Amino acid sequence: MRADTLPLQTHLRTRHEALRARIDAAARRAGRDPSAVTLIAVSKTFPLALIRAAVEAGLRDFGENRVQELDEKAQALPGHAMDPASPDPIRWHHIGSLQRNKARTVCEVADVFHALDSPRLARELDTRARAVGRVLPCLVQVNVSGEASKSGLAPEDTLAFVDSLAAYEHLRPVGLMTLAAPTRTEEELESVVRPQFQRLRRLAEAAGRDRLPALSMGMSGDFEVAVEEGATHVRIGSALFGARG
């Protein structure tokens, strides 16, 4: 380990431990097992040196939303999909929308894809995953806030879409993902965000939680509410790494 990484590693370990304590407390408030919640460190735009320090500090799950950046980082720090024999693998999560012409790269380097939202993309991912000889775990993105600026299926279309994925041998739907509406106050967390997370959970329950066990929801500003409402994966960037430049 390089000596110049030690202060950064220590800083990230401290932040990680503080965030983990908040996640664990939120899980216990909801009567949940804290170990059932994975913290995905959203590393988009942050340099590889910071991610290396984060790995040294104990983090194992990283989220990227740009395919080229994901590819560059995964080539330098292979995840489980690229290095399944590693005794302590990291996992790369592609958490952003995806153009179909970049589906092959995601199938080659991502451990989990969080933004499946159309039949055309499902067909392309299935074809590309078959070509590289793997089954790609996917989460279906749902637009629970109804915002036109956000990707994702309408809630009322989600279950039929999940059913349709049974036709694809090289996709494995494992859960649902959403982005809640932005909020400015604690009141909005309760009146706006919590009902949206509840809606995603109810969709997963309607499909069967044994079928869709993962719920990817919650970011730096609302992850505790997400955990209370059943999140199994929270995506945290700025609260862990600091503000992006």
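In this predicted model, the largest pocket is lined by 19 residues, and Lys44, Asn65, Ile95, Leu179 and Met219 are those nearest its centre. The volume of this pocket is about 330 Å³. The points below cover the pocket lining, strand E5 with its neighbours, and alanine 129 in helix H5.

**Pocket lining**
- By residue class, the lining of the largest pocket comprises six nonpolar, nine polar and four charged residues.

**Strand E5**
- Strand E5 spans residues 136–141, and six of its six residues are buried.
- In a regular strand, side chains point alternately to the two faces of the sheet.
- Leu136, Cys138 and Val140 lie on one side of E5 and Pro137, Leu139 and Gln141 on the other, and both faces are covered.

**Pairing and crossovers**
- Strand E4 (residues 112–116) pairs with E5 in the parallel sense over two bridges, and leucine 116 has valine 140 in E5 as its bridge partner.
- The connection from E4 to E5 passes through H5 as a right-handed β-α-β crossover.
- Strand E6 (residues 171–177) also pairs with E5 in the parallel sense, over six bridges; here leucine 136 stands opposite leucine 171.
- A right-handed β-α-β unit is formed by E5, helix H6 (residues 155–164) and E6.

**Alanine 129**
- Alanine 129 belongs to helix H5, which covers residues 119–131.
- Because its relative accessible area is 0%, alanine 129 counts as buried.
- Leaving aside residues up to four places away in sequence, alanine 129 touches Cys107, Arg134, Leu136 and His170.
- A distance of 20 Å separates the C-alpha atoms of alanine 129 and leucine 176, which are 47 residues apart along the chain.

Notes
Residues numbered from 1 in each chain as written. Predicted model: local features only at pLDDT ≥ 70, side-chain atom pairs only at ≥ 80, totals over all residues. Heavy atoms only, no water. 1 Å grid on protein atoms, 1.4 Å probe; cavity = no way out; pocket = protein on both sides within 12 Å on 5 of 7 lines; lining within 4 Å. Points joined across faces, edges and corners; volume = space filled by probe spheres on them. Nonpolar A, V, L, I, M, F, W, Y, C, P; charged D, E, K, R; others polar. Helix = DSSP H or I, 4+ residues; strand = E, 2+ residues; numbered from the N terminus. Buried < 20%, exposed > 50% of the residue type's maximum accessible area, 1.4 Å probe, protein only. Contact = heavy atoms within 4.5 Å. Pairing = 2+ DSSP bridges. Right-handed = clockwise from strand over helix to strand, strands pointing away.
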